[in-house]
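Me: I am new to this structure and would like a close look at a single part of it, the largest pocket. Which residues line the largest pocket, and which elements do they come from?

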Amino acid sequence: MAGFFHAAEIAEAAVNIEQKGQNFYVNAAESAKNPDVKDFFLYFAKEEAKHEQIFLQFKERLGKVELPAWSTSEEYAAYLQALIDSHSIFSPELKKRLAEADSENEAIRLAMGFEKDTILFFMEMKELVPDSEKKFVQQCIDEERSHLRQLSKMLSS
């Protein structure tokens, strides 16, 4: 993790999360038997694609902006790396768990875990970027929170 010295590198991690999220939701849609659930997952895949574009533009704007000095301390860098490493979307078993899910509810629960992990990462990311860029990260946080609420509602219906 000690390699993270520029804000654009943190944005690249966000792009990667969003790309993997798109793949997750497309795979979940392909496995869904209920047409409403299938449409629901495809909607979320499009949302993740929208976030990917936001973070690609964000990365370009950040360029070589350095991270705050406190963020490159070994302890904080290890924390950020742990957030990325433990993010459910990077779990090698996730695709297998999705394929083996015996219900659409289980797929929705997996999606909820992905959304929660993403919110936590974005909240930390927001602390690292220049003030002028915080609003873009906050927008994605708000949308991910909305996704979590929508998934929860779908799970209960």
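Reply: What follows begins with the confidence of the model, turns to the pocket, and then moves outward to its surroundings.

This is a predicted model, and the mean pLDDT of the protein is 85, with 92% of its residues reaching 70 or more. Among the elements of the protein, the lowest mean pLDDT, 76, belongs to helix 4, which covers residues 94–100, while the highest, 93, belongs to helix 6, which covers residues 134–156. Where pLDDT is low, predicted coordinates should not be read in detail.

The largest pocket holds about 160 Å³ of space. Its lining is made up of Ala28, Ser31, Ala32, Lys33, Phe41, Leu98, Ala99, Ala101, Asp102, Ser103, Glu104 and Ala107. Helix 1, helix 4 and helix 5 are the elements that each give two or more residues to this lining, and one of them, helix 4, is the element with the lowest mean pLDDT. Sorted by class, the lining has seven nonpolar residues, two polar ones and three charged ones.

Phe41, one of the lining residues, deserves a longer look. Leaving aside residues up to four places away in sequence, Phe41 touches Tyr25, Ala28, Ala29, Ala32, Ala107, Ile108 and Ala111. Among these contacts of Phe41 are Ala28, Ala32 and Ala107, and those residues also appear in the lining of the pocket.

Phe41 leads on to the largest nonpolar core, which has 46 residues and in which Tyr25, Phe41, Phe55, Phe121, Phe122 and Met125 have the most contacts. Two or more residues of this core come from each of helix 1 (7–31), helix 2 (35–62), helix 3 (74–86), helix 4, helix 5 (104–128) and helix 6. The largest share, twelve residues, is given by helix 1.

Helix 5, which contributes to the pocket lining, also contains glycine 113. Glycine 113 counts as buried because its relative accessibility is 19%, and buried means under 20%. In sequence glycine 113 and histidine 87 are 26 residues apart, and from C-alpha to C-alpha they are 8.6 Å apart in space.

Two residues of helix 6 can be set beside this one. Phenylalanine 136 is found in helix 6 and is partly exposed, with a relative accessible area of 25%. Apart from residues up to four places away in sequence, phenylalanine 136 touches Phe58 and Arg61, and its C-alpha atom is 14 Å from that of glutamate 18, with their positions 118 residues apart in sequence counted as their separation. Serine 152 also lies in helix 6, and at 36% relative accessibility serine 152 counts as partly exposed. The C-alpha atoms of serine 152 and serine 86 are separated by 22 Å, and these two residues are 66 residues apart along the chain.

Conventions: Residues are numbered from 1 along each chain as its sequence is written. This is a predicted model: local features need pLDDT of at least 70, side-chain atom pairs count only at pLDDT 80 or more; totals for chains, interfaces and linings use all residues. Side-chain values use heavy atoms; hydrogens and water are left out. pLDDT is the predictor's confidence in each residue, from 0 to 100. Helices (H or I, at least four residues) and strands (E, at least two) are DSSP runs, numbered from the N terminus. A nonpolar core is a set of buried Ala, Val, Leu, Ile, Met, Phe, Trp, Tyr and Cys residues joined through side-chain atoms within 4.5 Å. Buried means under 20% relative accessible area, exposed over 50%, partly exposed in between (1.4 Å probe, protein chains only). Contact means heavy atoms within 4.5 Å. On a 1 Å grid over the protein atoms alone, a cavity is a set of points where a 1.4 Å probe fits but cannot get out, and a pocket is an open set with protein on both sides within 12 Å along at least five of seven lines; lining residues have an atom within 4 Å of a point. Grid points are joined across faces, edges and corners, and a volume is the space filled by probe spheres set on the points. Ala, Val, Leu, Ile, Met, Phe, Trp, Tyr, Cys and Pro count as nonpolar, Asp, Glu, Lys and Arg as charged, and the others, Gly among them, as polar.
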